[in-house]
Amino acid sequence: MAILCPSTAIYHLLFSSLLLFFSCYVSIIPVYGAEEGKDGFHSTPVSSLLPKNKCSASARGGSQGLPITQKYGPCSGSGHSQPPSPQEIFGRDESRVSFINSKFNQYAPENSKDHTPINNLLDEDGYFLVDVAFGTPPQKFKLILDTGSSITWTQCKACVNCLQDSHRHFDPSASSTYSFGSCIPSTVENNYSMPYNDDSTSVGNYGCDTLILEPSDVFPKFQFGCGINSTGDFGSGVDGVLGLGQGQLSTVSQTASKFKKVFSYCLPEEDSTGSLLFGEKATSQSSSLKFTSLVNGPGTLQESGYYFVNLLDISVGNERLNIPSSVFASPGTIIDSGTVITRLPQRAYSALKAAFQKAMAKYPLSNGRRMKGDILDTCYNLSGTKDVLLPEIVLHFGEGADVRLNGKRVLWGKHKSRLCLAFAGNSELTIIGNRQQVSLTVLYDIQGGRIGFGGNGCSQ
């Protein structure tokens, strides 16, 4: 047996102590040059953050659900025109946010209310399209997917003012199963009027006919709006709206007998295709998701129809911001497929912005002048950078449902010289927009009172 002399034993003891001290010291230093996926940072090719102009992915839909495409993306097949400029996107997004804020202003403190004039208009420029059919035989249409709307409508052949860039019209006379007016006993109105932003409107009458989501998912006597007078610009190739809110006339409510008020979607990037699933097809994914509870928002369900959840805190690069949960609780946090950029109460956004700037301190800020209406104020010039070490942003929801955001869910831009933090401030309401939902599976289980998040890509 080897015997250490006293001097050797002392040397080993001192070396071990120094090694222990050094490792402990290093462990408490914030590490901003972390390896891929470690310490809340990801090495991300800058080119992957930019828009794509070619459709590169096969559809995830078909037997697995309804394919979803970005309206102005190369996979939409909608004959889209030139995509809107960032200023146009932000302008329409602000209109939608102002409309949503107006619904909940009465529940916010007076000094934090949004007093932006909105003229009772709602943005319906929504980014994502699905194909559905009405009637016997089926007539197919491209509708905007919208969790903030509870009315489904498409334009009709008898339209006086038709949608500008759509050539499809529902023809009631060509369907053997169509009936005029309401077919839901508790609704007696035969007419509807939906005002949207940019002076866009859809006015018409209710009708009832067969809704075909997929060959195996057919619903007779589905009540929807038959648009007669549509004004404004709803976007190229758009025929109407698929309402996925919680109201009585929404698609979710009218298909509840089969789907039990369960649906999920994966919103795709512009060069790929996502899917919209209902019922058992949606719940088959539930084992891989993290769930948080649906909570009651202010006012009645019919007043809003939005989906409220509990957001508790945010992390940037593995560092909790320790924002009081009360900041997100009044008037609350909603998940919305129609809002583009996530909005945070100003106190929360200021904390996020400061932490993000600290984590990105090694990269130069963009010197480009902010355009009028640009809502993004934390931008970087990455034109000389091949890979950026991007801090992961984590949204901490109730029941331990952590939603991890990276890549395009963190930065937004069309050019390497100006890539911006894809969040903005708001008065009080927190709105989780579609930019932060892209490539995630989001499952709505209304009867179960919960929303689930998971996955990292619509092809999974």
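1. Lys258 is partly exposed in this predicted model, with a relative accessible area of 41%. Its partner is a different case: Asp217 is buried at 6% relative accessible area. The two side chains meet in a salt bridge, 2.6 Å from N to O. Asp217 sits in strand β9 (residues 217-231) and Lys258 in helix α4 (residues 256-259), so this pair ties together parts that are 41 residues apart in sequence.

2. Now have a look at Asp93 and Arg343. They form a salt bridge with the closest N and O atoms 2.8 Å apart. Asp93 belongs to helix α2 (residues 86-104) and Arg343 to strand β18 (residues 342-345), so the contact ties together parts that are 250 residues apart in sequence. Are the two ends buried or exposed? Asp93 is buried, with a relative accessible area of 1%, and Arg343 counts as buried too, at 0%. Glu94 also comes into play here: salt bridges that share partners join Asp93, Glu94 and Arg343 into one network.

3. Asp377 and Lys353 make another salt bridge through their side chains, at 3.5 Å from N to O. Asp377 is in the loop between α8 and β19 (379-380), while Lys353 is in helix α8, and the two are 24 residues apart. Here both ends are partly exposed: Asp377 has a relative accessible area of 30%, and Lys353 comes out at 24%. For the record, the salt-bridge count comes to 13.

4. Helix α8 (residues 346-359), home of Lys353, also packs on a sheet: α8 lies across β15, β16 and β21, running at about 20 degrees to β15. What is the strand order in that open sheet? The order of its 4 strands is β16-β15-β21-β22, and the pairing is antiparallel. At the edges stand β16 (319-320) and β22 (402-405); each has a single partner strand, so one side of each is left without a neighbour in the sheet.

5. On the pairing within that sheet: β15 (residues 311-316) and β21 (residues 393-397) run antiparallel to each other, joined over 5 bridges. If you want one bridge to check by eye, take Leu311, whose bridge partner in β21 is Phe397.

6. The aromatics deserve a look as well, with 17 aromatic pairs found across the whole structure. Take Phe134 and Phe222: their ring centres are 6.4 Å apart and their planes stand at 35 degrees, so the pair is tilted. Phe134 comes from strand β3 (residues 128-134) and Phe222 from strand β9, so the pair ties together parts that are 88 residues apart in sequence. Both Phe134 and Phe222 are buried.

7. Which geometry do Tyr307 and Tyr444 adopt? With ring centres 4.7 Å apart and planes at 65 degrees, this pair is edge-to-face. Tyr307 lies in strand β14 (residues 307-309) and Tyr444 in strand β27 (residues 441-445), so the pair links distant parts of the chain, 137 residues apart. Tyr307 is buried with a relative accessible area of 0%, and Tyr444 is likewise buried, at 0%.

8. Those two tyrosines are also part of a wider group: ring pairs link Phe219, Phe259, Phe263, Tyr265, Phe278, Tyr307 and Tyr444 into a cluster. One more ring to inspect is Phe291, where Arg450 lies over the face at 3.7 Å from the ring centre.

Note on methods
Residues numbered from 1 in each chain as written. Predicted model: local features only at pLDDT ≥ 70, side-chain atom pairs only at ≥ 80, totals over all residues. Heavy atoms only, no water. Pairing = 2+ DSSP bridges. Contact = heavy atoms within 4.5 Å. Axes fitted to C-alpha atoms, helices over the stretch in contact; angles between N-to-C directions. Salt bridge = Lys/Arg side-chain N within 4 Å of Asp/Glu carboxyl O. Buried < 20%, exposed > 50% of the residue type's maximum accessible area, 1.4 Å probe, protein only. Phe/Tyr/Trp six-rings, centres within 6.5 Å; stacked < 30°, edge-to-face > 60°. Lys NZ or Arg CZ within 6 Å of the ring centre and 35° of its normal.
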